[in-house]
Amino acid sequence: MYLAIIEQFLFLGGLLVYLVSLAMYAGRTKDYKSLIEFWKPTINMTKREFNVNRAGLTMMVAAVAIRIINFLI
């Protein structure tokens with residue numbers, strides 16, 4: 001029960017943090033084309049933007065891990 005709530009919080013929170021990191025990058029560089037063409041390695045993030053980005057991705061990966069654990073229990 002609690003794992004399902006934590007999972008939802010982590011995934012949605014991680015998605016929000018990830019989008020904030022992209023907004024920080026777009027606000028700084030005004031380079032919206034790099035956000036649309038995400039498969040090309042053209043984004044040069046600052047250390048702060050990168051750390052926020054990875055925190056969001058880590059939260060989403062943790063949510064997926066919790067979902068798998070919750071399924072197996």
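Modeller: A residue is called buried under 20% relative accessible area, exposed over 50% and partly exposed in between, using a 1.4 Å probe and protein chains only. The model is predicted, with pLDDT of at least 70 needed for local features and 80 or more for side-chain atom pairs, while totals for chains, interfaces and linings use all residues. Residues are numbered from 1 along each chain as its sequence is written, and side-chain values use heavy atoms, with hydrogens and water left out.

Biologist: With that cut-off in hand, why is Ala-26 called buried?

Modeller: The relative accessible area of Ala-26 is 7%, and this value is set against the limit for buried residues, so Ala-26 counts as buried. Ala-26 belongs to helix 1, where a helix is a DSSP run of H or I with at least four residues, a strand is a run of E with at least two, and both are numbered from the N terminus. When neighbours within four places in sequence are left aside, Ala-26 is in contact (heavy atoms within 4.5 Å) with Asp-31, Tyr-32 and Leu-35. Its C-alpha is also 9.8 Å from that of Met-45, although the two residues are 19 apart in sequence.

Biologist: Which other residues of helix 1 are buried, and what do the buried residues of this helix pack against?

Modeller: Besides Ala-26, the buried residues of helix 1 are Glu-7, Leu-10, Gly-13, Gly-14, Ser-21, Leu-22 and Tyr-25. The buried residues of helix 1 pack against two elements, namely helix 2, which covers 32–36, and helix 3, which covers 47–72.

Biologist: How do you know that the length of helix 1 agrees with what its number of residues leads one to expect?

Modeller: The expected span is 1.5 Å times one less than the number of residues, and for the 28 residues of helix 1, residues 2–29, this gives 40 Å. The end C-alpha atoms of helix 1 are 40 Å apart, which agrees. For helix 3, with 26 residues, the expected value is 38 Å, and the distance from the first C-alpha to the last is 37 Å, which is close to it.

Biologist: What makes Lys-30, just after helix 1, worth a second look?

Modeller: Most residues other than glycine have a negative phi. Lys-30, which is not a glycine, has a positive phi near 60°, and its place is the loop between helix 1 and helix 2.

Biologist: Is Lys-30 buried or exposed, and why?

Modeller: The relative accessibility of Lys-30 is 55%, and this value, set against the limit for exposed residues, is why Lys-30 counts as exposed.

Biologist: Why do Glu-49 and Phe-50 receive separate labels of burial?

Modeller: Glu-49 lies in helix 3, and so does Phe-50. The relative accessibility of Glu-49 is 2%, so Glu-49 counts as buried, whereas Phe-50, at 38%, counts as partly exposed. Leaving aside neighbours within four places in sequence, Glu-49 is in contact with Ser-21, Met-24, Tyr-25 and Arg-28. Phe-50 and Ala-65, which are 15 residues apart in sequence, have C-alpha atoms 22 Å apart in space.

Biologist: Farther along helix 3, why is Ile-66 called buried, and which residues does it touch?

Modeller: At 15% relative accessibility, Ile-66 falls within the buried class, so the label is given. Ile-66 lies in helix 3 and touches Leu-3, Ile-6, Glu-7 and Leu-10, not counting residues up to four places away in sequence. From Leu-35, by contrast, Ile-66 is separated by 29 Å between C-alpha atoms, the two residues being 31 apart along the chain. The buried residues of helix 3, including Glu-49, Asn-53, Gly-56 and Ile-66, pack against helix 1.

Biologist: How many helices and strands does the chain have, and in what order do its elements run?

Modeller: The chain has three helices and zero strands, and from the N terminus on its elements run α-α-α.

Biologist: How do you know that this chain is more spread out than a compact globule?

Modeller: The radius of gyration, taken over C-alpha atoms, is set against the globule rule of 2.2 Å times the number of residues to the power 0.38. For 73 residues the rule gives 11 Å, and the chain has 15 Å, well over that value, so the chain is more spread out than a compact globule. Along its principal axes the C-alpha trace spans about 45 × 20 × 15 Å. Of the 73 residues, 21% count as buried, and among contacts between residues at least 6 apart in sequence, 66% join residues at least 24 apart.
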